[in-house]
Amino acid sequence: MDELRQRALRLLARREHARAELRKKLAPHAESEEQLDALLEDLAGRRLLSDARYAEMRVSSRSARYGNARLGQELKQQGVSAEETATALAEAGDELLRAHGIWARKFGTLPVDAADRARQTRFLMSRGFSGETIRRLLRGEALDTEDE
């Protein structure tokens, strides 16, 4: 048990982990499921392991490059609950402004023809921005809010 605890603490010292992610990393080293569950409960009880904190860290570090859809999917894959994901995404800031920053660095000018519009749309969709956010951005709405 002490060896498993030390391994868990080393992993948590490097960065935040979601509970499911830490479980997956520790499972090969645990003697039993009960031992692993007890350790995870103890770490959560001592506030060393928190899905909410993991979600907040993950979103804050990646929100400058990705949209809410992609961030939400990444958190879901790591086993973070929908409520904690929604809370973390709400704190990420306005998706339209984040999309504008990414778009401005890559393109800088509104599309002039259908091919250019399609290219910009594909890029923003691959970054996980919603269709509504992309439509508003390519209509120039982000430029209007930035001027105010």
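Which residue follows α9, and what is the sign of its phi? I looked this up at the start: glycine 140 follows α9, and its phi is positive, near 95 degrees. I note for every entry below that the model is predicted.

**Entry: helix α9**

I then examined the helix itself, which covers residues 131–138. I found Thr133, Ile134, Leu137 and Leu138 to be buried. Looking down the axis of α9, I saw that these buried residues fall within an arc of 120 degrees, so they line one face of the helix.

I also checked glutamate 132, which has its place in helix α9. Its relative accessibility is 41%, and I therefore recorded glutamate 132 as partly exposed, the class between under 20% and over 50%. The side chain of glutamate 132 makes a polar contact of 3.3 Å with the side chain of arginine 135. I took one distance from this residue as well: glutamate 132 and isoleucine 102 are separated by 30 residues in sequence and by 16 Å in space, C-alpha to C-alpha.

**Entry: the loop between α3 and α4**

I looked up two residues in this loop, arginine 47 and serine 50. Helix α3 spans 33–45.

Is arginine 47 buried or exposed? I found a relative accessibility of 64% for arginine 47, and because the cut-off for exposed is over 50%, it counts as exposed. The phi of arginine 47 is near 65 degrees, which is a positive value in a residue other than glycine.

Serine 50 has a relative accessible area of 19%; as buried means under 20%, I entered this serine as buried. A polar atom of the serine 50 side chain lies 3.1 Å from the backbone nitrogen of arginine 53. I next set aside the neighbours within four places in sequence and asked which residues serine 50 touches. The contacts are with Glu16 and His17.

**Entry: α4 against α5**

I turned to the packing of α4 with helix α5, which comprises residues 68–77. The two pack at an angle of about 145 degrees, and their axes are 11 Å apart. I recorded the crossing of α4 and α5 as right-handed. On the α4 side I listed Tyr54, Ala55, Arg58, Val59 and Arg62, which meet Arg70, Leu71, Glu74 and Leu75 in α5. By class, I noted 5 nonpolar and 4 charged residues in this contact, with no polar ones.

**Entry: α4 against α6**

At what angle do α4 and α6 pack? I read about 35 degrees for α4 (residues 51–62) and α6 (residues 82–90), with the axes 9 Å apart. The crossing of α4 and α6 is right-handed. From α4, the residues Asp51, Ala52, Ala55, Glu56 and Val59 meet Glu84, Ala88 and Leu89 of α6. I sorted the residues of this contact into 5 nonpolar, no polar and 3 charged.

On comparing the two lists, I noted that Ala55 and Val59 of α4 appear in the contact with α5 and also in the contact with α6.

**Entry: alanine 114**

Last, I looked up alanine 114, which is found in helix α8, residues 114–126. Its relative accessible area is 65%, so I recorded alanine 114 as exposed. I took its distance to glutamate 56: the two are 58 residues apart in sequence and 38 Å apart in space, C-alpha to C-alpha.

Notes: Residues are numbered from 1 along each chain as its sequence is written. This is a predicted model: local features need pLDDT of at least 70, side-chain atom pairs count only at pLDDT 80 or more; totals for chains, interfaces and linings use all residues. Side-chain values use heavy atoms; hydrogens and water are left out. Axes are lines fitted to C-alpha atoms, for helices over the stretch in contact, and angles run from 0 to 180 degrees between N-to-C directions. Helices (H or I, at least four residues) and strands (E, at least two) are DSSP runs, numbered from the N terminus. A crossing is left-handed if the near helix is turned anticlockwise from the far one by less than a right angle, and right-handed if clockwise. Contact means heavy atoms within 4.5 Å. Ala, Val, Leu, Ile, Met, Phe, Trp, Tyr, Cys and Pro count as nonpolar, Asp, Glu, Lys and Arg as charged, and the others, Gly among them, as polar. Buried means under 20% relative accessible area, exposed over 50%, partly exposed in between (1.4 Å probe, protein chains only). A polar contact is a pair of N or O atoms within 3.5 Å; within protein, one must be able to donate a hydrogen and the other to accept it, and residues adjacent in sequence count only if both atoms are side-chain atoms. The arc is that of the directions from the helix axis to the C-beta atoms.
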